[in-house]
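Student: I would like to go through this model chain by chain and then look at how the parts touch. Please keep the answers short.

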Amino acid sequence: MTLYALSTCGWCRKTKELLNANQIQYEYIDVDKCQGEERTEASAKLRELNPRGSFPTIRIDDEVVTGFDEDRLRELLEI
Amino acid sequence: MNKEERFSDEVLKTYERLNKEAEEGGYHLNPDKDFTLRLVQGLLENERRYGYWCCPCRLAFGDKEKDLDVICPCYYRDSDLEEFGACYCALYVTDEWIAGSKKHGSIPERRPAKFMREGYSETPPPQSLAPNPQPLSYPVWRCKVCGYLCARPEPPGKCPVCKAEKDRFERFM
């Protein structure tokens with residue numbers, strides 16, 4: 001499970017808070033904190049999941065959730 | 001411990017200024033103060049990173065011309081307030097949103113996909129419906145953030161309504 005986020009974004013933080021509060025294990029990358037090639041690579045991977053390249057984007061198994069969609073996250077994570 | 005103690009004086013002062021300007025211009029900041037202070041912190045972080053206030057919920061190109069449409073307040077704010085009651089990052093919200101009649105949460109990205117990939121590019125201003133009957137004594141400038149119009153030799157240094165800077169005006173007539 002991977003979360004593409006921005007460290008400055010309120011909706012990305014709400015997503016992290018929801019996952020943390022429910023002890024969900026996940027990897028995340030704050031793309032705004034990446035520089036140079038790392039940033040290009042992270043943006044490209046994000047666009048494979050979400051062609052618009054918006055934040056937050058979360059891959060949960062084969063599902064991709066874009067934006068902070070609490071209902072959808074709760075449903076997929078059964079929380 | 002007071003939650004606001006986690007924020008620097010710079011963040012708190014900027015919040016106070018933005019809040020005052022928003023109210024004077026007929027806008028409202030998000031009343032969830034902790035959420036809003038963090039967004040202000042993000043704007044100041046982007047100021048340090050890029051030299052301008054890129055939207056905290058959008059990845060900056062780091063080139064002011066490419067990010068011109070998403071410098072806060074962004075060109076999409078007013079349309080998003082109208083449709084969803086909140087702007088994309090939810091720094092600005094409407095009375096209806098505050099009263100709870102609009103759903104709180106992420107809204108769709110209104111920025112065109114082309115700009116998200118390649119950055120902003122200027123589009124020609126809309127053509128007037130009828131030719132001007134007589135030449136204007138002054139050009140008319142339009143603020144692309146809030147639509148404020150003024151007739152004067154040059155656009156103002158700052159929009160008196162939304163405080164957008166001079167480079168965000170277009171020649172309207």
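**A residue pair in chain B**

Student: Which residue of β4(B) does B:Val140 stand opposite?
Tutor: This is a predicted model. B:Val140 belongs to strand β3 of chain B, residues 140-143, which pairs with β4(B) in the antiparallel sense over 3 bridges. Opposite B:Val140 in β4(B) stands B:Ala151.

Student: What is the strand order of the open sheet in chain B?
Tutor: The sheet has 3 strands with antiparallel pairing. The edge strands of chain B are β4 (149-151) and β5 (169-171), since a strand that pairs on one side only is an edge. The order is therefore β4-β3-β5, under the rule that pairing takes at least two bridges.

Student: What does the twist average from one strand to the next?
Tutor: The strands concerned are those of the open sheet in chain B, ordered β4-β3-β5. From one strand to the next the twist averages 30°.

Student: How many helices and strands are there in chain B, and in what order do they run?
Tutor: Chain B has 6 helices and 5 strands. From the N terminus on, its elements run α-β-α-α-α-β-α-α-β-β-β.

Student: What is the radius of gyration of chain B, and why does it count as compact?
Tutor: The globule rule gives 16 Å for 173 residues, and the value for chain B is close to that, so chain B is as compact as a globular protein of that length. The C-alpha trace spans about 65 × 35 × 30 Å along the principal axes. The radius of gyration of chain B is 17 Å.

Student: What share of the residues of chain B count as buried?
Tutor: A residue is buried if 20 or more other C-beta atoms lie within 10 Å of its own. Of the 173 residues of chain B, the share that meets this is 36%.

Student: How far apart are the C-alpha centres of the two domains of chain B?
Tutor: Chain B is divided into domain 1 (3-118) and domain 2 (140-171). Their contact takes 7 residues from domain 1 and 8 residues from domain 2. On the side of domain 1 that touches domain 2, the residues divide into 3 nonpolar, 1 polar and 3 charged. The C-alpha centres of the two domains lie apart by 20 Å.

**Chain A and the interface**

Student: In what order do the elements of chain A run?
Tutor: Chain A has 3 helices and 4 strands. From the N terminus on, they run β-α-β-α-β-β-α.

Student: What radius of gyration does chain A have, and why does it agree with a compact globule?
Tutor: With 79 residues, a compact globule would have a radius of gyration near 12 Å, so the value for chain A agrees. The C-alpha atoms of chain A fill a box of roughly 35 × 25 × 20 Å along the principal axes. The radius of gyration of chain A is 12 Å.

Student: What percentage of the contacts in chain A with a separation of 6 or more comes from residues 24 or more positions apart?
Tutor: As background, 32% of the 79 residues of chain A count as buried. Residues 24 or more positions apart account for a share of those contacts equal to 54%.

Student: Which helix gives the most to the side of chain A that touches chain B?
Tutor: In the interface, 17 residues of chain A are in contact with 16 residues of chain B. By class, the side of chain A that touches chain B has 6 nonpolar, 6 polar and 5 charged residues. The helix that gives the most, with 3 residues, covers residues 10-21 of chain A and is α1.

Note on methods. Residues numbered from 1 in each chain as written. Chains lettered and ligands numbered in written order. Predicted model: local features only at pLDDT ≥ 70, side-chain atom pairs only at ≥ 80, totals over all residues. Axes fitted to C-alpha atoms, helices over the stretch in contact; angles between N-to-C directions. Contact = placed C-beta atoms within 7 Å. Nonpolar A, V, L, I, M, F, W, Y, C, P; charged D, E, K, R; others polar. Domains from an automatic or database assignment. Rg over C-alpha atoms; globule rule 2.2 N^0.38 Å. Buried ≥ 20, exposed ≤ 12 C-beta atoms within 10 Å, placed from the backbone.
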